[in-house]
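Please look through the sequence and the structure below before reading on. The paragraphs that follow move from the chain as a whole to selected helices, contacts and loops.

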Amino acid sequence: MGGQSGGRAVPRGQLRIYLGAAAGVGKTYAMLGEGHRRSERGADVVVAFAETHGRPQTSALLDGLEIIPRASIPYRGASFEEMDVDAVIARHPQIALVDELAHTNVPGSRNAKRWQDVDELLDAGIDVISAVNIQHLESLNDVVEQITGVPQRETVPDAVVRAAGQVELVDMTAEALRRRMAHGNIYPAEKIDAALTNYFRTGNLTALRELALLWLADKVDEGLQKYRAEHDIKVQWEARERIVVALTGGPEGDTLIRRAARIAARTSGGDLLAVHITKSDGLIGADPASLARQRQLVESLGGSYHQVVGDNISQALLTFARAENATQLVLGASRRSWLLALLTGPGIGSRTIRDSGPIDVHIVTHAHVGSRWGLLPRHRGGITPRRQAAGYLLAVALAPLATIVLTSFRSGLNLTSEMLVYLVAVIAVALTGGFVPAVLEAIAASLLLNYYFTPPIHEWTIAEANNALALGVFVAVGLVVSWIVDMTARRTKQAVRANAESELLVTTAGSILRGQDALDALLDRAREAFGMRSASLLQSSAAEGGQARGRAGEWAVVASSGERPVDRPDDADVNVPIADGLSLALAGRPLPASDRRVLGAFAAYARVALEKQRLAAEAEAAKPIAAADRMRTALLAAVSHDLRTPLASAKAAVTSLRSPDVRWNAADTAELLATADESLDRLTHLVENLLDMSRLQAGALSLFPRPTGLDEIVARALDSLEPLGSDIDVDIPESVPAVVADPAILERVVVNLTENALRYSPAGKPPMLTASVLGDRVELRVIDRGPGIPEQDRERMFVPFQRLGDTDNTTGVGLGLALSRGLTEAMDGTLAAEDTPGGGLTMTVSLPAAPSG
């Protein structure tokens, strides 16, 4: 196939990507298989770069496809192979197969990343089929590291993958992928155990698979929206149910949210979206505290909350629903009374139903239907009494003053100029005192114009109809201007206040989420924000159990801020009752009703902060108790299990030696003495545990965690197991950091787990001890090749007295694992069991890694 013609524009090639959740799902296999299918249909296909990782099934697919030789790149005295971009462009096939899209090229290559190489091929008009794993997408890099504990160095920008013409998911369940791994179809045999117990855990693979499915679902949805836009499709496509619930911040919101959530739950994959429409002037008529609570309810039900600006509520609501491709819309029945509905016409629900088109609209009834009777909202003046008084004085002064001035210049002015002067006076009064003083000024100005400047002068009659019309228009304009000025002043004040309230509530909410002194910080902010002398959070004695705190009706100060805080709600200037017998009491001055709404949000915040403080204190107090309980349980289990066997053995040996009926030779006597000695050693060990338990309960025994090397611990543990310890395989890399643990306790855990593994390991297959790093923790694995334990029985084996059907008491009495888990958890670690690939059981001890340096 020759090169490109030089003078003709070459159309950009198409990119197809096979996306996988992890290595081994079959991306390269699928890519090569697609290459064969295209080649069989007559397309010119070459393999520009394919990495088979030595997998025979994948390597077999290279047969029959032309392979472009790789470029050799020298780097630091070695030679590395990369894709030869120039050779592929010179060959100029129809389709190039390029594996590992996120690969980082060797320094000195044509491009730093392979996806940049692919971009050149596409610019040259070559179609490319490639493959990439979900963990290599740049936007998911940190998420994948949190899941797997392994940072991804090689990434590809999301835009590169999203720009592909086709993205196909190569899917496989976590269990199937692990089976493929265990059968040696992915990694060499020596890497299988480490892979299955680290990156290829079932939980990791399931989470990565979910990430891949969700990312691809978003890509498909993006393609659907693009297709609808390109084809100007306005009709809703019910690819999946999307339920939009409209919230006003009213008391019916909870009912609507729960009803919408039930509708969304009826279909698999249904989405719940809550939306609140605010006016374009930035003012929120709803109670912010109610909206915040309803938003929390929506998010707790798995939905999302949105806020949209629009003056036409029904139109804004439908625009949002169509933009989200919503299929159903949930609204509350109107709270207007029948009389109010008759006077004001169709409501939002009726207009929404009329214009909804294919979107189903649910009108949900609730307990507050028809509860609103007032025609207008309550008037909230924006002018202070002092400014109103100044407005009245200005009105009294300006009207006569304007009349005197205009009379002096009557000969040079006409009626229009005189009206404009009076109109300026009306505007000045409106700016100063608001609507009512301006109305009085307009009426007075019209009368003065009539008497002094409208023919016949000095009479209340008007000779010409034109002058009468002019006076009427003057009064109307004066009233309208006064109303607009007054409305602007009130709205400005409301906007400033709303902005201040929002900032106050946001910063207050942030202070609750940060730090440990959230309650004190909140009371300080409440006191400062409202200019009060003190702020106190009080709790009734009856709410805390009555008699423990005194007589019912008594109050206790939970927290306070400022000078001379009150200790009873009745003594406060402002008191806001809260649930659970709590009350927020402020002293200093009475507050207006407009401030009490925001104060209600502070009261709710105070309850949350107190609950957070209590939970933190309880959690902190429970830590040593929990550790003590785990230690006590483990040690007492040891006594209850292992006391009988060594005591019986020692007693039998001593009794036999003292028996006058039998004469023992030297060898028998030595054997009996050894049995007694061994049994008494075990008893001594148990008694030491009892003493340690007593000291622990008395607070005199503590763990002494410190940085400890696993290699030292394992060596000492195996020494104590001689001669059996010499047969155990140990693989602890030098790169594994030290762990934070009590060395003596950790040694006991390793001994117990290793003894258990030795007990069930078949001949010729000794246990293995390995270690690796996972995030900020170190994992020690004790691996055996025994019969293993069914997954449903794994938790039972950590319960004392459980030997899962083994009735041979010579193999132990079911203590070791229970004791080991208790001791491990006391050191802030975990002990878990999982299958050994190929059969057997792997016990994994996870402990925090010691800080480096």
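Helices, here and throughout, are DSSP runs of H or I covering at least four residues, while strands are runs of E covering at least two, and both are numbered from the N terminus. The model is a predicted one, and in these terms the secondary structure of the protein chain comes to 25 helices and 24 strands. Of its 853 residues, 41% count as buried, and the accessible surface of the protein chain comes to about 44300 Å², with 56% of that area belonging to carbon and sulfur atoms. Among contacts between residues at least 6 apart in sequence, 70% join residues at least 24 apart.

A useful place to begin is helix 11, where Gln294 is found. Is Gln294 buried or exposed? With a relative accessibility of 1%, Gln294 counts as buried, because the cut-off for a buried residue is a relative accessible area under 20%. Once its neighbours within four places in sequence are left aside, the residues in contact with Gln294 are Leu247, Gly249, Gly250, Gly253, Asp254 and Ile257.

The residue that follows in the numbering, Arg295, takes part in a salt bridge with Glu299, the N to O distance between their side chains being 3.2 Å. Both residues belong to helix 11, which spans residues 288–300, and because they are 4 residues apart they are separated by about one helical turn. Arg295 counts as partly exposed at 39% relative accessibility, and Glu299 likewise counts as partly exposed, at 44%, whereas Gln294 in this helix is buried.

How many salt bridges does a search of the whole structure find? The search finds 20. One of the pairs consists of Arg209 and Asp171, whose side chains meet with an N to O distance of 2.8 Å. This pair links distant parts of the chain, 38 residues apart, since Arg209 lies in helix 9 (residues 202–230) and Asp171 lies in the loop between strand 8 (166–170) and helix 7 (174–182). Arg209 is partly exposed, with a relative accessible area of 26%, and Asp171 also counts as partly exposed, at 36% relative accessibility.

Another salt bridge is formed by Asp271 and Arg242, whose closest N and O atoms are 3.6 Å apart. Asp271 lies in strand 10 (residues 271–278) and Arg242 in strand 9 (residues 242–247), so this pair ties together parts of the chain that are 29 residues apart in sequence. The two partners fall into separate accessibility classes: Asp271 counts as partly exposed at 23% relative accessibility, while Arg242 is buried, with a relative accessible area of 6%. Elsewhere, salt bridges join into a network that links Arg16, Glu34, Arg37, Arg38 and Glu168.

Helix packing can be followed through helix 15 and helix 17. Two packed helices are described by the angle between their axes and the distance between the axes. Helix 15 and helix 17 (residues 435–452) pack at an angle of about 10°, with their axes 9 Å apart, which makes helix 15 roughly parallel to helix 17. On the side of helix 15, the residues that meet helix 17 are Gln388, Gly391, Tyr392, Ala395, Leu398, Ala399 and Thr403, and their counterparts in helix 17 are Val436, Pro437, Leu440, Glu441, Leu448 and Tyr452.

A nonpolar surface patch of about 360 Å² is made by Leu401, Val405, Phe409 and Leu413. Of these residues, Phe409 lies in the loop between helix 15 (385–408) and helix 16 (415–433), and Phe409 is exposed, with a relative accessible area of 53%.

The last stop concerns two loop residues and their backbone angles. Arg564 has a phi near 45°, a positive value in a residue other than glycine, and is placed in the loop between strand 15 (555–562) and strand 16 (574–577). Arg564 is exposed, with a relative accessible area of 57%. Asp828, although not a glycine, has a positive phi of about 65°, and its place is in the loop between helix 25 (816–826) and strand 23 (830–835). At 54% relative accessibility, Asp828 counts as exposed.

Terms used:
Residues numbered from 1 in each chain as written. Predicted model: local features only at pLDDT ≥ 70, side-chain atom pairs only at ≥ 80, totals over all residues. Heavy atoms only, no water. Patch = residues over 30% accessible without salt bridge, like charges linked within 9 Å, V, L, I, M, F, W, Y side chains within 5 Å. Areas by Shrake-Rupley, 256 points an atom, 1.4 Å probe, with all protein chains shown as cover. Salt bridge = Lys/Arg side-chain N within 4 Å of Asp/Glu carboxyl O. Buried < 20%, exposed > 50% of the residue type's maximum accessible area, 1.4 Å probe, protein only. Axes fitted to C-alpha atoms, helices over the stretch in contact; angles between N-to-C directions. Parallel < 35°, antiparallel > 145°, perpendicular 65-115°, else oblique. Contact = heavy atoms within 4.5 Å.
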